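Take a walk through this complex, from the fold of one chain to the places where its parts meet.

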Amino acid sequence: MEIGLVELSRLQFAMTAMYHFLFVPLTLGLSILVAIMETVYVMTNRPIWRQMTKFWGMLFGINFALGVATGITMEFQFGMNWSYYSHYVGDIFGAPLAIEGLMAFFLEATFVGLFFFGWDKLSKVQHMVVAWLVAIGSNFSALWILIANGWMQNPVGAAFNPETMRMEMTSFFDVVFNEVAQAKFVHTVSAGYVTASVFVMGVSALYLLQERHKDLARRSIAVASAFGLASALSVVVLGDESGYSASHTQKMKLAAIEAMWETHEAPAPFTAIGFPDKEARETHYAVEIPWVMGLIGTRSLTQEIPGINDLVDEAELRIRDGLIAYDALMTIRAERDATSPELRATFEAHSENLGFALLLKRYVDDPREATEAQIKQAANDTVPGVGPLFWAFRIMVALGFSFIAVMLYFFYRASFRRMQFPRWSLYAAVAIIPTPWIAAELGWFVAEFGRQPWTVDGVLPTALSVSHLSVADLLISLAGFVIFYTVLFVIEMSLMVKYIRKGPFQDVAETEAWQERHIHRLRTHDGQGPFANPAE
Amino acid sequence: MILFEMIDFDTLRVIWWALLGVLLIGFALTDGFDMGVGALLPFVAKTDVERRVVINTVGPVWEGNQVWFILGGGAIFAAWPPLYAVSFSGFYLAMFVVLAALIVRPVAFKYRSKRDGAAWRARWDWALFAGGAVPALLFGVAVGNVLLGVPFHLTEDLMPMYDGNFAVKFLGLLRPFALLAGVVSISMLLMHGAAWLNLKTQGLVAARARRFGVIAGMVAAGGYALAGLWLALGIDGFAFANEVTPNGPSNPLYSQVTHGGSWLSAYAERPWIAVAPLMGFLGIALTLRGLVSGREVTTLLWSKLGITGIIASVGLTMFPFILPSTVDPNSSLTVWDASSSHQTLFIMLVVTAIFMPLILMYTAWVYRVLWGKVTEDDVTGNSDTVY
């Protein structure tokens with residue numbers, strides 16, 4: 001096994017995926033915020049809301065272009081760099097990706113053009129429907145991608161077929177309603193909504209600090225803080241749901257995140273802070289909160305959560321069991337139809353651990369020839385990097401809770417303090433713009449790095465999944481992506497800054513026409529002054 | 001699941017083989033004109049306003065059109081996993097170049113007119129040109145290589161392996177026949193882009209587009225005829241050497257394949273497939289006539305017919321082969337041994353049957369809303385909303 005190739009392939013995938021996810025959360029959330037703003041416009045007819053729709057829609061468009069472009073890389077990279085993975089699980093994994101295209105991406109991409117080009121060609125209501133279709137398409141996209149990813153974390157509804165040497169789908173229903181996928185979907189889109197809310201609030205706060213576009217900025221904060229508050233609560237609650245599902249689907253990931261070396265009698269304590277040491281298998285200077293871990297992980301006071309050391313022992317047993325399956329598989333492959341039913345039964349009985357035998361392929365070509373030391377080593381390999389997971393998770397959670405506080409504050413000022421925001425809070429809102437991106441990237445890091453050494457948990461090791469390219473191939477593409485993506489990032493940011501600086505486009509004629517109508521209406525109805533606007 | 005019982009595995013495989021063709025053709029017919037327009041940009045438009053007119057003819061639709069390509073990738077993954085695994089990694093650097101071109105294109109569309117500087121815009125115009133021309137050329141080169149056979153083999157674990165180092169693998173794609181296929185591909189998409197501009201623009205731009213379209217159409221027809229002749233005289237085909245089971249398991253190593261004979265023997269076995277190349281020639285001929293006489297809607301339709309015929313002819317000629325291997329013919333991927341499982345193919349068919357009509361309906365609606373020519377007044381008067 002060329003380790004260099006595996007590491008380069010992982011690096012490239014991690015880099016392109018994390019880069020792609022710089023744009024996705026904003027697309028997910030901003031599409032909905034824009035659709036909400038346009039809906040308010042259609043209901044109230046006030047031009048300010050149309051102006052808001054156009055302004056945030058413009059920033060959405062700049063972001064969307066790169067989201068789409070970098071998404072193409074993701075769709076093709078499985079085949080390009082992970083060809084054995086593609087062969088091995090394509091029968092299951094390919095389906096949600098294709099359905100994403102059919103059901104979601106076509107919808108969002110077809111209507112996004114009309115959103116920008118259709119202002120004069122569509123009626124108000126039609127255009128609003130188009131905005132919602134873009135938002136719905138984006139969010140459905142996330143659903144199917146997370147069903148695909150959820151299957152990698154918790155591979156349900158599939159079985160190995162010795163004839164075709166791959167996993168095949170046994171239940172589409174199980175794949176779609178995978179509990180991990182469902183929890184991840186809501187967690188991820190909510191994180192996207194929080195990201196967009198923080199972005200909208202930050203840019204609006206900047207305008208308020210600069211004393212311009214105040215009308216637009218205040219209303220934007222009002223919408224974003226309400227939307228963001230609901231989403232921030234949802235992120236944390238659904239993140240907890242993910243933790244609960246991990247306690248019975250991905251025990252090792254959970255134990256690694258918590259740096260739980262030993263199985264603790266129930267209910268286990270939660271290590272708030274500490275310094276995990278993978279070599280010594282202990283956590284230095286740990287600050288523990290009793291009971292909390294057991295409650296989060298099992299929602300009971302009596303169930304145990306297994307620790308890393310016990311899970312390594314379990315992995316060793318599963319490797320030995322998987323070797324029985326592997327041995328049977330080799331005979332079945334050679335004898336094909338002549339295989340005895342007994343041998344097939346043996347294979348079926350042990351096939352769920354076949355993936356564990358494949359862990360040995362890193363050390364020997366034929367796992368059956370592995371030495372005791374290699375089996376022990378492979379069992380140890382099932383422990384992911386504890387330290388980085390421990391810290392990444394804690395930073396993400398801390399950020400998640402702080403978003404609730406921020407949203408709550410701005411929602412309160414917007415709803416009950418006549419949209420007046422103290423200057424310090426506006427500075428803070430600008431300063432925290434990057435934080436939801438940090439939280440989102442750390443979340444993906446925990447999910448994917450925590451799944452190592454597997455691409456599909458318990459089924460296919462990462463080291464086996466790669467394409468047999470040369471290191472030179474990888475170096476060329478990796479260098480290409482780095483240069484290319486850096487240039488695009490700089491251009492994207494400069495355009496964002498330019499359009500934020502330029503501010504919203506004022507539709508003077510429409511605003512004046514509306515004001516005249518408004519004055520007329522007010523005079524004829526209650527005779528009050530036309531500018532008794534509570535927002536000011 | 002009565003329906004599931006009713007549709008046999010081999011029938012499903014043929015259906016998915018046809019659907020793969022539909023997706024590739026759908027891509028060529030829609031995103032094809034976007035790429036053609038991009039590649040024509042430096043030739044048909046001389047001033048900035050003209051260029052913006054040209055870009056805005058595809059501005060609102062290229063994003064949806066591009067999904068045909070992405071869906072094509074997804075559908076290959078779902079329905080033909082071995083094909084996805086072998087071809088995408090086997091053509092690694094070529095795929096990377098295509099990716100780069102396809103990434104730069106959306107960005108170029110969105111960002112070009114967001115700044116005023118001439119240098120800024122000229123740079124993005126180049127990006128649009130490359131984003132159209134490079135994939136259009138390389139897709140043809142890939143098809144040419146598929147007809148010639150690709151140097152890969154499968155291990156007993158069905159792990160794809162490739163022979164030769166990276167430079168040989170990339171430059172090795174540029175074989176003469178494959179380059180000819182690339183020329184056919186880019187010229188037919190240029191013709192298609194010209195037919196689109198003929199419909200959506202007026203005046204000088206449309207006149208230039210017609211002139212380039214006629215040249216491109218003639219090159220496409222000539223190249224296509226030459227490629228046919230070459231296939232007849234100088235290129236070996238592939239054939240099964242043993243009895244195949246069309247509903248057997250998807251393991252390419254179970255069949256024996258020989259490299260020899262001619263691809264064109266398919267026309268003796270299934271004479272009706274000659275319809276496809278005839279459609280190709282007829283479509284191009286009528287497109288040329290339409291471009292010369294200035295007809296608009298019908299010209300675009302004839303161009304679609306021609307492209308459909310050319311792409312279909314490749315698939316029909318090779319059937320049941322999808323990706324033949326030169327170094328180990330037994331590893332070749334065919335319709336009968338490179339598909340997903342019966343269940344996955346069935347589920348994907350149900351999903352496609354539900355969503356494809358919806359997609360076609362709303363796409364048609366969007367095109368209807370956007371119907372009409374893009375004029376210079378349109379782009380200069382709406383600088384805040386158009387590209």
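A residue counts as buried if 20 or more other C-beta atoms lie within 10 Å of its own. By that test, 52% of the 536 residues of chain A are buried. The model is a predicted one, so confidence comes before detail. For the complex, the predictor gives an ipTM of 0.91 and a pTM of 0.90. Chain B has a mean pLDDT of 90. In chain B, 97% of the residues reach 70 or more.

Start with the overall build of chain A. Its secondary structure comprises 19 helices and six strands. The radius of gyration of chain A is 27 Å, and the globule rule gives 24 Å for 536 residues. The two values are close, so chain A is as compact as a globular protein of that length. Along the principal axes, the C-alpha trace of chain A spans about 90 × 50 × 40 Å. Contacts tell of the fold as well. Take those in chain A with a separation of 6 or more: 76% of them join residues 24 or more positions apart.

Now divide the chain. The domain assignment splits chain A into domain 1, made of 3-250 and 388-508, and domain 2, which covers 308-381. Domain 1 of chain A is thus written as two segments, with domain 2 of chain A numbered between them. The centres of these two domains of chain A, taken over C-alpha atoms, are 38 Å apart.

Where do domain 1 and domain 2 of chain A touch, and through how many residues? Nine residues of domain 1 of chain A are in contact with 12 residues of domain 2 of chain A. On the domain 1 side, the elements of chain A that give two or more residues are β6 (460-461) and α17 (462-465). That side of domain 1 of chain A holds eight nonpolar residues, one polar residue and no charged residue.

Turn next to the partner chain. Here 63 residues of chain A are in contact with 64 residues of chain B. Which elements of chain A give two or more residues to the side that touches chain B? They are α2 (47-81), α3 (83-117), β2 (166-169) and α18 (471-502) of chain A. The most comes from α3(A), with 24 residues. By residue class, the side of chain A that touches chain B divides into 36 nonpolar, 19 polar and eight charged residues.

Note on methods: Residues numbered from 1 in each chain as written. Chains lettered and ligands numbered in written order. Predicted model: local features only at pLDDT ≥ 70, side-chain atom pairs only at ≥ 80, totals over all residues. pLDDT = per-residue confidence, 0-100. Domains from an automatic or database assignment. Contact = placed C-beta atoms within 7 Å. Helix = DSSP H or I, 4+ residues; strand = E, 2+ residues; numbered from the N terminus. Nonpolar A, V, L, I, M, F, W, Y, C, P; charged D, E, K, R; others polar. Rg over C-alpha atoms; globule rule 2.2 N^0.38 Å. Buried ≥ 20, exposed ≤ 12 C-beta atoms within 10 Å, placed from the backbone.
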